[in-house]
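Trainee: I have not worked with this protein before. Could you take me through it?
Mentor: Certainly; let us begin with the order of its elements.

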Amino acid sequence: MTEVEVLELLVSPAHRLAGRPSDGPSPGPSDERVPRAEVRRGLGLVGDRYYARPAHRNASVTMMASENLPEDADLRHTRRNVLLRGIDIDSYIGTTISLDCGGGPAEFAVHRPARPCAWMDVTIGPGAQRALRGRGGVRCTPLSDGVLTLGPATFHVVAGADAVS
């Protein structure tokens with residue numbers, strides 16, 4: 001087990017980065033960052049734009065390492081859901097992990113990279129898309145119900161690539 005910190009949680013009811021990056025983000029709530037997020041097995045984060053969407057069931061939760069972001073960037077810029085400090089989450093593709101924020105573990109299958117797009121050059125700054133290649137976070141499927149909260153958490157690899165379906 002590894003001690004990590006959940007720095008930010010983003011639960012966004014709207015897909016604000018759609019269309020052309022040159023047009024800028026769509027209007028929405030001033031801050032979709034939350035102190036607590038409910039995880040539902042196979043569905044995602046309650047209230048999020050990808051919750052229970054069939055096309056996103058294998059990628060309904062995205063996680064990213066804070067160490068890969070510039071200091072002035074946050075989850076509103078990347079549109080990832082969970083920002084972790086203390087773990088290179090990008091290296092866990094093909095595993096099943098658990099994240100326990102104190103209320104019991106929530107398990108996730110880590111399926112594939114969350115590749116940065118052209119929006120990163122708009123929301124973070126020129127060159128961000130290229131700089132985040134291979135470090136843009138991961139797309140996950142929740143395998144259990146749970147609650148994620150800001151603050152210290154325990155990170156644990158439950159199973160390796162051969163056990164993930």
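Trainee: What pattern does the protein chain follow along the sequence?
Mentor: In this predicted model, the chain reads β-β-β-β-α-β-β-β-α-α-β-β-β from start to end. That comes to three helices and 10 strands.

Trainee: How much of the chain counts as buried?
Mentor: Of its 165 residues, 45% are buried. The chain exposes about 8000 Å², and carbon and sulfur atoms supply 49% of that area.

Trainee: What about contacts along the sequence?
Mentor: Taking contacts between residues at least 6 apart in sequence, 71% join residues at least 24 apart.

Trainee: Changing topic, how many salt bridges are there?
Mentor: The count comes to seven. One of them pairs the side chains of Arg79 and Glu32, with 3.0 Å from N to O. Arg79 lies in the loop between helix 1 (75-78) and strand 5 (82-85), while Glu32 lies in the loop between strand 1 (2-9) and strand 2 (36-40), so this pair links distant parts of the chain, 47 residues apart.

Trainee: Is Arg79 buried or exposed?
Mentor: Arg79 is buried, at 9% relative accessible area. Its partner Glu32 is buried as well, at 3%.

Trainee: And which residues does Glu38 pair with?
Mentor: Glu38 forms a salt bridge with Arg36 at 3.6 Å, N to O, and another with Arg40 at 2.6 Å.

Trainee: How accessible are those three?
Mentor: Each is partly exposed: Arg36 has a relative accessible area of 46%, Glu38 has 29% and Arg40 has 26%. Elsewhere, salt bridges with shared partners join Glu8, Arg33 and Asp74 into one network.

Notes
Residues are numbered from 1 along each chain as its sequence is written. This is a predicted model: local features need pLDDT of at least 70, side-chain atom pairs count only at pLDDT 80 or more; totals for chains, interfaces and linings use all residues. Side-chain values use heavy atoms; hydrogens and water are left out. Helices (H or I, at least four residues) and strands (E, at least two) are DSSP runs, numbered from the N terminus. Buried means under 20% relative accessible area, exposed over 50%, partly exposed in between (1.4 Å probe, protein chains only). Contact means heavy atoms within 4.5 Å. Accessible areas come from the Shrake-Rupley method with a 1.4 Å probe; for residues, only the protein chains shown count as cover. A salt bridge is a side-chain nitrogen of Lys or Arg within 4 Å of a carboxyl oxygen of Asp or Glu.
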